[in-house]
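Work through the two exercises below with the coordinates open, and try each task before reading its solution.

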Amino acid sequence: MQVYDAPLRDMRFVLNELHADDGFGDIPALSEFTPDLTDAILEEAARFCRDVLLPINRSGDEEGCHLENGVVRTPAGFAQAYKQFAEGGWTALASDPEWGGQGLPEAVNKLVEEMICSSNLSFGLYPGLTHGATTAIEGHGSDALKQAYLPKMVSGQWSGTMCLTEPHCGTDLGLLRSRAVPQGDGSYKVTGSKIFISAGEHDLTENIIHLVLARLPDAPKGVKGISLFLVPKYLPKEDGTPGQSNGVACAAIEHKMGLKASATCQMNFDDSTGWLVGEPGKGMAAMFTMMNTERVSVGIQGLGVGEAAYQAAAWYAKDRIQGRALSGPKYPEQAADPIIVHPDVRRMLMTMRAYNEGCRALSAWVSRALDAEKHSPEPEVRQRASDFIALMTPVVKALFTDLAFDSANLAVQCYGGHGYIRESGVEQYARDARITMIYEGTNGVQALDLVGRKLGAHMGRYLRSFFHPVSAFIEENNVDGPMKPMVEALAKAFGALQLSTATVAQRALKDPEEAGAASADYLRLMGLVAMGYCFAKATKIAGLQLFFGSEDKRFYDAKIKTATFFFERILPQATASFLAIKAGKKSLMALEDDVF
Amino acid sequence: MKVLVPVKRVIDYNVKPRVKADGTGVDLANVKMSMNPFDEIAVEEAIRLKEKGVATEIVVVSIGVAKAQETLRTALAMGADRAILVQTDDEVEPLAVAKILKTIATEEAPGLVILGKQAIDDDANQTGQMLAALLGWGQGTFASKVEVSGETVAVTREVDGGLETVSLKLPAIVTTDLRLNEPRYASLPNIMKAKSKPLATKTPADLGVEIASRLKTLKVTEPPKRSAGIKVADVDELVARLKEMAI
Ligand SMILES: Cc1cc2nc3c(=O)[nH]c(=O)nc-3n(C[C@H](O)[C@H](O)[C@H](O)COP(=O)(O)OP(=O)(O)OC[C@H]3O[C@@H](n4cnc5c(N)ncnc54)[C@H](O)[C@@H]3O)c2cc1C
Ligand SMILES: Cc1cc2nc3c(=O)[nH]c(=O)nc-3n(C[C@H](O)[C@H](O)[C@H](O)COP(=O)(O)OP(=O)(O)OC[C@H]3O[C@@H](n4cnc5c(N)ncnc54)[C@H](O)[C@@H]3O)c2cc1C
């Protein structure tokens, strides 16, 4: 059963307690966001998600979207929920106040995003893409475009999309064919076919603003020839309201494995009027402004689904009675024990829980860096934050979504045969989570980005933004005491990561395929170390809280127990990743193509 | 016209309460607390009156621990204008609450006091009635509809036999029932604004009210577990059983 309630206590922990000493905090521009205010925001968001978005999650999955005469209808309840969402000001959460946004810290915004994705991933895509589109327009658009489009997009009155993918090009955008012809008045006529466009057409907003990658007539081949254009579904009239339609049509919607309430559209642009966003030929750079925030957000999407799956499984494990505990009946008054008594069910629940708490802790750290990069008064801090984000973006995207699918899969397993049946609500999580590993750059491409672009950048400067705090923590805490086993385990995994870094860097110099062969395992190894670091810090804080007699004994005690499980039963995977990296590409590439 | 709305901080309606091991009360340590749902309805009704141009200012009051400030901020985020916290760590019984509210009502001179018909923690269903008696104002309890026109308010009440409408001279006391309205979600901008709305803190002593308990709680226990039902073969057996049980 889908039973989600936002994990507010853990959210407050990662927001206010865990990263207080990371050197990114204390930002004057954000000082008004005190814990009592952010608490109030998180609580209301949690209520909205539970009472408005969750109830239409499964029904939206069953019903899906409809395309009739070129018009897409979202499932029952979506338009009403979207209206409430926009009226409540939630679309404007993280946007700049200059455009009517609320200017909330990313650290809070990402927690709200997690709740939305836990309650209803499909729903979350509509405002999520709009927010991404506004960042690209804000970063690269002309003042006229900003004035005309941002206020309406920030308020949620209009929505946005990103149109990259074409039938023959997904990962390799250099192949793209859509074209744009200048009209001499500053506008362009955009023509082309795009596929898989999320929220390309729907009935939630009165206008849809597409950001389209296309080529100018004289553009060179490859990615350098790509520019970004803003193409509205309806051209705004003089007074700013939607006017004449602009040759943008939805030809079909996809029938998908999951994410069914999000319309994935095949879009045709036929001499549609558009305007350049950023400079000619710099479309990929402009799009990457959007992609980078979106990639972190897709990681959060994964975490959201992982959390929902965990909660559904934990609820069921206490409800379903089956078999007796191996040590003898624990609930003798019942015909059987609830399955939560079984070690194997525990293994599944603890794994999900540790994944979610580890990812949430890491995303809170990255979110603080996002805030520091934007608002810190000190250039050195802004630089360090930006390095850290560059390094961690592919890790957050790929690690979180990989683990989310694992969690959803485990949740199905906890439900036994019922998990395989639609009514249970958990198989939806597995189907929904699956896409997060693919879009916004497949996880394979994320791993290549980490190894190929991020490791060596600026002589390893990005890496230092992560390695320094980890090694400082190990040094400071590697003393006799209750933390010792954890710190030693962290040190061992960190050592494996350092060694792997050197190995990969060395081999890749001679043979780039070595980098590709190591990439996925390397990303996982870095993710495990990052989560381990967060769990070790959390344990230290929780230990002190318990020592000083905190009232919240239940929470801190559970935190330490979950962390201990992570160190004993999950972190050992670091060794497996290390060995796989060490083995290199040989066995991977040995088989001839035609033998497959 | 000013509207006064008392709000109570209670254990969240989604939480399953646990009785303390020593039987002295309900365990509230680290339990999620929220605004009493009937009070939410009262706040919503006041906001609707303001939106209609009937009310000009909404003042919310809470009596309880310092943390009740959060509950007041929730009401401010929904749309109330200012808040008063009467702070005390002691248990305050309905009569004492009514006395405190009387003092505040006398000071603030509202046209309407809208309260929840009861709080979901102690289910007393007394405060509104006592307040009406202390002030000598008319009362419309269990309201499912509230209409102010000129100097009177028409209150449709949910009574056992159906609906009853009473007309009260203002100022008056209204207590809310579930079907009066559906409270709104606080919007994000309003949550932010709530932070800077005025919140005054007083103590019962400041108001000259003695709050000492008149009741003594002897013991708090969990309700007995429901025992399994029985199956009857036919109508005759059913009737026989019912007779046996003297129903
Ligand atoms: C539900 C859904 C929503 C979507 N929403 C949008 C949207 O809103 N806007 C939009 O523009 N697109 C969207 N997409 C498209 C999505 O971003 C692409 O599907 C994705 O980028 C992968 O491209 P592809 O499908 O062409 O796969 P391919 O590029 O064909 O990849 C196939 C496989 O090959 C691997 N691969 C490819 N190239 C390399 C390489 N160089 N090195 C290593 N491995 C490689 C990939 O990792 C993958 O495993 C959406 C897709 C779906 C399914
Ligand atoms: C598509 C489909 C086809 C099917 N076909 C048939 C069929 O033809 N004939 C038929 O008779 N049945 C059939 N089944 C039923 C199927 O065999 C059961 O669903 C399966 O045995 C699991 O039982 P359960 O669903 O009651 O899960 P549960 O027994 O409730 O298990 C729930 C979870 O608890 C765990 N668990 C339970 N007990 C213990 C324990 N003692 N120790 C450790 N872990 C435990 C399980 O591993 C699982 O993770 C089918 C089911 C499906 C979904």
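The exercises that follow concern a predicted model, and they treat a ligand site and then a chain interface.

**Exercise 1.** Determine which residues surround ligand 2 and which polar contacts they make with ligand 2.

*Solution.* Begin with the shell, which includes Ile339(A), Val345(A), Met348(A), Cys414(A), Gly416(A) and Tyr420(A). Sorted by class, the shell around ligand 2 comprises five nonpolar residues, six polar ones and one charged. In terms of secondary structure, α9 (343-375) and α10 (379-414) of chain A each contribute at least two residues to this shell. Next come the polar contacts, for which the cut-off is 3.5 Å between N or O atoms. The side chain of Arg320(A) places an N or O atom 2.6 Å from an oxygen atom of ligand 2, while a polar backbone atom of Gln413(A) is 2.6 Å from an oxygen atom of ligand 2. A polar side-chain atom of His342(A) lies 3.5 Å from a nitrogen atom of the ligand. Finally, ligand 2 taken alone exposes 970 Å², of which the protein buries 44%.

**Exercise 2.** Describe the interface of chain A and chain B by its buried area, its residues and its salt bridges.

*Solution.* The two chains bury about 1700 Å² between them, with 54% of that on carbon and sulfur atoms. Of the area that chain A buries against chain B, Glu44(A), Arg47(A) and Gln102(A) supply 28%, more than any other three residues. The contact draws 25 residues from chain A and 15 residues from chain B. Three salt bridges are found across the interface, and one between the side chains of Glu43(A) and Lys32(B) has an N to O distance of 3.7 Å.

How values were computed
Residues are numbered from 1 along each chain as its sequence is written. Chains are lettered from A and ligands numbered from 1 in the order in which they are written. This is a predicted model: local features need pLDDT of at least 70, side-chain atom pairs count only at pLDDT 80 or more; totals for chains, interfaces and linings use all residues. Side-chain values use heavy atoms; hydrogens and water are left out. A residue is near a molecule or strand if one of its heavy atoms lies within 4 Å of it. A polar contact is a pair of N or O atoms within 3.5 Å; within protein, one must be able to donate a hydrogen and the other to accept it, and residues adjacent in sequence count only if both atoms are side-chain atoms. Accessible areas come from the Shrake-Rupley method with a 1.4 Å probe; for residues, only the protein chains shown count as cover. Helices (H or I, at least four residues) and strands (E, at least two) are DSSP runs, numbered from the N terminus. Ala, Val, Leu, Ile, Met, Phe, Trp, Tyr, Cys and Pro count as nonpolar, Asp, Glu, Lys and Arg as charged, and the others, Gly among them, as polar. Contact means heavy atoms within 4.5 Å. Buried area is the accessible area (1.4 Å probe) that two parts lose on being put together, summed over both. A salt bridge is a side-chain nitrogen of Lys or Arg within 4 Å of a carboxyl oxygen of Asp or Glu.
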